[in-house]
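Visitor: I would like a close look at one part of this assembly, with its surroundings described carefully and each term given its cut-offs.

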Number of protein chains: 2
Amino acid sequence: MIRLLLADDEELLRGALCSLLDLEDDLRVVAQAATTTDAVRLAGQHRPDVAVLDLEMPPTDGLHAAAQILARTDGTPPRVIIVTRHARPAVLRRALAAGVSGFVPKSTPAARLAQIVRDVAVGHRYVDPEIAASALTENECPLSDRELEVLGAARAGAPVSDIAATVHLAPGTVRNYLSSAMAKLGVATRHAAAHRAWEEGWI
Amino acid sequence: MIRLLLADDEELLRGALCSLLDLEDDLRVVAQAATTTDAVRLAGQHRPDVAVLDLEMPPTDGLHAAAQILARTDGTPPRVIIVTRHARPAVLRRALAAGVSGFVPKSTPAARLAQIVRDVAVGHRYVDPEIAASALTENECPLSDRELEVLGAARAGAPVSDIAATVHLAPGTVRNYLSSAMAKLGVATRHAAAHRAWEEGWI
DNA sequence: GAGCGCTGATGACATCTGTCATGCGAGCTG
DNA sequence: CAGCTCGCATGACAGATGTCATCAGCGCTC
């Protein structure tokens with residue numbers, strides 16, 4: 001019997017997956033969470049074999065939760081499967097770096113999920129083949145850490161002075177980073193750069 | 001027996017909902033679609049009693065599909081239920097204006113969906129109570145049509161000249177609309193305004 | 001027809017952005 | 001140590017953006 005933790009902020013999906021997976025004789029959902037904090041807490045309490053975490057979850061995100069769950073020192077931590085609608089190569093890379101065992105886009109057929117859970121439970125890894133292929137062929141993110149940080153702060157449309165304040169840099173420096181990021185991405189405004197970086201999953 | 005059309009671009013959710021609803025004795029999913037075009041086509045072919053449409057679907061969106069499905073002239077069109085993660089009062093208003101019978105955020109418990117489908121099938125309407133309350137109390141979108149149009153074109157971070165080209169207006173005019181929109185929203189840049197308008201579901 | 005509100009446009013002006021050259025200090029590398 | 005790169009910062013400059021006053025046309029109402 002494989003014991004599952006299910007975490008997703010959308011009740012509709014979580015509930016549907018729960019009943020879907022519970023239909024399988026060898027799977028049992030032992031805990032559900034709608035937030036990352038609950039997910040981490042319940043993972044500690046219930047010690048599931050596999051934790052299925054949505055990537056987009058308040059208050060942080062699935063990767064933070066995964067890192068915390070995997071960092072537990074007493075006993076073996078559960079295997080973690082990340083489920084996401086935002087399935088981009090950059091996200092996959094970050095997920096694997098965090099030590100997750102499965103990476104499942106929401107475009108995966110529901111019927112296959114149970115088998116993925118079983119595979120992961122016995123120690124295998126599962127990565128969506130299409131995303132994996134993209135991750136190998138697509139070019140890496142060309143932006144430096146600082147550029148990403150600054151773009152992240154620019155995402156909501158804030159003026160340079162605000163960005164500089166949140167990133168703790170001089171306004172001129174911020175403009176330099178934005179400028180180089182824009183040059184690398186081939187766009188004309190920092191907002192276009194931020195938009196693009198977001199779509200690519202870089203920030 | 002209530003015959004259902006299920007449309008959602010996320011296989012995972014669509015598949016899970018399908019098996020969930022098929023468990024009910026009086027419901028049967030007769031067609032599934034991942035795009036709005038398929039949804040419209042299959043609604044014509046299979047004549048379901050109820051169509052459950054995701055709002056966020058390529059290539060257009062669930063409201064367009066709903067409008068097309070409801071516009072059919074031969075026979076009675078199906079009742080339409082819109083499911084969305086982006087549950088804001090403005091979206092609800094647009095959905096009701098399009099003639100849909102149900103408005104269900106993805107935060108709704110999965111177990112309740114079957115009952116909502118039954119209610120809608122017999123002619124009732126269902127609107128998520130929380131969103132409905134917000135729609136009644138929250139202030140309406142303060143922006144004019146032109147302002148919304150211009151903000152929509154500004155969303156990807158394009159410079160004013162590009163926006164002017166896509167909207168077929170003079171650059172100076174575009175700046176006026178952007179300026180008034182920014183004033184109404186109390187923000188300092190058009191990108192912040194566009195971001196805000198997007199989050200509120202206005203564009 | 002005068003008045004009013006709305007849309008679309010123009011021009012002037014202050015400010016913000018994007019670009020670029022440059023400087024300074026920390027770390028590393030010969 | 002000298003030379004080098006790299007992260008961070010500054011200053012100057014052109015062009016883009018935000019603000020504002022103003023105007024013309026159009027439809028509407030009194």
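Visitor: Which residues does A:Thr108 touch, not counting residues up to four places away in sequence?

Guide: This is a predicted model, in which local features need pLDDT of at least 70 and side-chain atom pairs count only at pLDDT 80 or more, while totals for chains, interfaces and linings use all residues. Residues are numbered from 1 along each chain as its sequence is written, chains are lettered from A and ligands numbered from 1 in the order in which they are written, and side-chain values use heavy atoms, with hydrogens and water left out.

With residues up to four places away in sequence set aside, A:Thr108 touches A:Ile116 and A:Asp128 in its own chain, and B:Glu11 and B:Leu12 in chain B, where contact means heavy atoms within 4.5 Å. A:Thr108 sits in the loop between β5 (102-105) and α5 of chain A; helices (H or I, at least four residues) and strands (E, at least two) are DSSP runs, numbered from the N terminus. A:Thr108 is buried, with a relative accessible area of 2%, the term meaning under 20%, against over 50% for exposed and partly exposed in between (1.4 Å probe, protein chains only). Its side chain reaches the backbone oxygen of A:Pro105 at 2.8 Å.

From this loop one can turn to the contact with chain B, which takes 25 residues from chain A and 25 residues from chain B. The size of an interface is often given as the accessible area lost when the parts come together. Chain A and chain B bury about 2,400 Å² between them, 65% of it on carbon and sulfur atoms, the buried area being the accessible area (1.4 Å probe) that two parts lose on being put together, summed over both. On the side of chain A, A:Glu10, A:Leu12 and A:Arg85 lose the most area to chain B, together 26% of what that side buries.

Two salt bridges are counted between the chains, each defined as a side-chain nitrogen of Lys or Arg within 4 Å of a carboxyl oxygen of Asp or Glu. B:Glu10 forms a salt bridge with A:Arg85, with 2.3 Å between the closest N and O atoms. Across the interface, 11 residue pairs are in polar contact, both residues at pLDDT 80 or more; such a contact is a pair of N or O atoms within 3.5 Å, of which, within protein, one must be able to donate a hydrogen and the other to accept it, and residues adjacent in sequence count only if both atoms are side-chain atoms. The elements of chain A that give two or more residues to the side touching chain B are α1 (11-22), α5 (110-121) and α10 (190-199), and α1(A) gives the most, with eight residues. By class, that side has 12 nonpolar, eight polar and five charged residues, with Ala, Val, Leu, Ile, Met, Phe, Trp, Tyr, Cys and Pro taken as nonpolar, Asp, Glu, Lys and Arg as charged, and the others, Gly among them, as polar.

As for the chain that holds this loop, chain A comes to 10 helices and six strands, and 48% of its 203 residues count as buried. Its C-alpha atoms fill a box of roughly 60 × 35 × 30 Å, taken along the principal axes. Of the contacts in chain A with a separation of 6 or more, 63% come from residues 24 or more positions apart.
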